[in-house]
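Please open the structure in a viewer and keep the selection tool at hand. The tour below proceeds stop by stop, stating at each one what to select and what is found there.

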Amino acid sequence: MTKHNNFGSRRIYYNNFASHLLNAYNPNMLYPELPNRWSDEDWRRCIDMIASFGFNAFEFWLVPRLFCREGIKSELGQEFIRQMNMLIDYAHTRNVEVMALISLATVGTDWHTFCPNVKEEWNEVRNLWDAWTKALLGLDIVSIFPGDPGACSRNGCTAETYIDKSIEIAHLIKRNIPDAEIEFGTWGPPFFGWGLLEGSKGWKGEFVQEDQHTAWRFDKERTERCMNHLLKRLPDFPDPTSIAINLGFNPDGTPDGDQSTIYWANEIAKTHRINSWDFSLTEGENAIIPHFRFERLFEQRKRERLAAPYNGGISYTMTPLLNQLSLYESAQSFLNPDGDYIEIAETFCEKLFGCAGKELVPYLELFEVIPDWGNHVIVDMPKEEYHQKMIELVDLLQSLTPVHRDDFPIHPSPEVWLHEHLFFAKLFRDLSGLSPDFDSLHEQYWNHVYAIYDKLPTHVDPRPKNATNTIINYFRGLTDKPGFIPGKWSK
Ligand SMILES: [Zn+2]
């Protein structure tokens, strides 16, 4: 038996539609009265698309806004349950498994983390896991993750507490869904925040943006202690359990020095399947633009294949209505890690627009000019040349005619793909021009992408505002270092 027999056999489309990641390209599953809601038909066409791309699992985060008493009982929660059960049934007809990702103990709209060492709080957490798994009995996989947001370091809680309490919850899940696979997440430096997160005096587990960076401190001794604890307790997880572990205990999954996970991944893989959970690869969580980070994506897949017997992993998106190419490339990166990402992009564009579509490919990487989490693309050219290229891209897009192919379902249609890419090409053309009206372009971008936040109270996570500023400020020449988004950068 070769070590890499099963590489890429689980290919997960992970759509994060949490309340801090709302935008025009993401389904709004949380505010029925606001725009961007998806009909059942939207979901079915999305499943058709990802199945044809090569995905065999669909993952969603059961966000804290839903993971609470009000969340499950409300009209919103009941409609969410109805639609998710519809989606589960439909996905199964396309051989796509469905997995729910749930933070161990983070609850409610205000992302409050309950403490496993406080009896009433832990009882409430157990009740919520029980109620939600009973509501979604068709789930194939239930993934427990440490937080982000969330995690506890009150009352003596550590990473070991997270591991022990996750085992307890895993058995609870299996009582309700006996056939479910458990996935256990090591996400973070590792086990995001547990025993690390520092709150100010009187902190009772509520989410505080300013404190989030403390969850990302890497500590070699802590890592060894808690990873050894995980190894020791692996046999106590119910069968089957797989472990999500990236190549590095850092946001970009980089296996450098003490932060490399390769030893641990191999130790775990002796008895349990492992998957990566690297969402820096496709989109990161900030800049909403058409993405093209495929050189690193394929390099990282090859590193994973070499490093440990990885079974598969996620392809993260918060913009499924914009970044279909990124999802296609990501599915292909599992199926064919040695593939040529340029050729794969050409195939994609040809399927949408015929042979002329292939001419788009050299331009698409230019959108990755924004310094951002997970973006390692270097666009190095004079601004005048960049501006000229964007003028050419606008012309090219305007000359294309969409093709519809039954064997390559795209959701939404190729017409919408064209329309949205034209929006970004014109925006980046104007931002790189001689004397842009930055304020008006800022407004134009915000209204196109993030208008939904104008109708919501200020969110606990200021990400949409920061991400918009990062894009505009880059062209203003104000950004001289990678965009700092609170809670994501460890330095
Ligand atoms: Zn605690």
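Begin by selecting Pro 412, which sits in the loop between helix H13 (383–399) and helix H14 (414–431). Display the backbone on its N-terminal side as well: His 411 and Pro 412 are joined by a cis peptide bond, with omega about -5°. Please bear in mind throughout that the model is a predicted one.

Move next to Pro 240, in the loop between helix H7 (220–233) and S8. Here, too, the backbone deserves attention, for the peptide bond from Asp 239 to Pro 240 is cis, with omega near -10°. As background, most peptide bonds are trans, and most residues other than glycine have a negative phi.

The second half of that background applies to the next selection, Trp 111. This residue is not a glycine, yet its phi is positive, at about 50°. Look for Trp 111 in the loop between strand S4 (106–107) and strand S5 (112–113).

**The barrel**

Now colour the strands. In which order do the eight strands close into a barrel? The order is S1-S2-S3-S6-S7-S8-S9-S10, and the pairing is parallel. From one strand to the next, the twist averages 25°. In general, strands of a sheet pair through backbone hydrogen bonds, in either a parallel or an antiparallel manner.

For a detailed view of one pair, select strand S8 (residues 241–244) and strand S9 (residues 273–276); these run parallel and are joined by three bridges. Within this pair, Ser 242 has Arg 273 of S9 as its bridge partner.

Add helix H5 (residues 159–176) to the view. H5 lies across strand S6 (141–145), strand S7 (181–185) and S8, and its direction is at about 160° to that of S6.

**Two helix pairs**

Select helix H9 (residues 294–307) together with helix H10 (residues 324–335). Their axes are 9 Å apart, and the helices pack at an angle of about 25°. H9 is therefore roughly parallel to H10. The crossing of these two helices is right-handed. To see the contact itself, show Phe 294, Leu 297, Phe 298 and Arg 301 on H9, and Glu 329, Ser 330, Ser 333 and Phe 334 on H10. Sorted by class, this contact holds four nonpolar, two polar and two charged residues.

Continue with helix H1 (residues 40–53) and helix H3 (residues 75–93), whose axes come within 10 Å and cross at roughly 35°. The crossing of H1 and H3 is right-handed. On the H1 side, select Asp 40, Trp 43, Arg 44 and Ile 47; they meet Gln 83, Met 86, Leu 87, Tyr 90 and Ala 91 in H3. The classes represented in this contact are six nonpolar, one polar and two charged residues.

**The two domains**

Finally, zoom out and colour the protein by domain. The domain assignment gives domain 1 (10–339) and domain 2 (347–476). The C-alpha centres of the two domains lie 28 Å apart. How many residues of each domain are in contact with the other? There are 38 in domain 1 and 34 in domain 2.

Two helices already visited return on the side of domain 1 that touches domain 2: H1 and H10 each supply at least two residues to it. Which element gives the largest share of that side? H1 does, with five residues. By class, the residues on this side of domain 1 comprise 19 nonpolar, 12 polar and seven charged.

Notes: Residues numbered from 1 in each chain as written. Predicted model: local features only at pLDDT ≥ 70, side-chain atom pairs only at ≥ 80, totals over all residues. Axes fitted to C-alpha atoms, helices over the stretch in contact; angles between N-to-C directions. Helix = DSSP H or I, 4+ residues; strand = E, 2+ residues; numbered from the N terminus. Parallel < 35°, antiparallel > 145°, perpendicular 65-115°, else oblique. Left-handed = near helix turned anticlockwise from the far one by under 90°. Contact = placed C-beta atoms within 7 Å. Nonpolar A, V, L, I, M, F, W, Y, C, P; charged D, E, K, R; others polar. Pairing = 2+ DSSP bridges. Domains from an automatic or database assignment.
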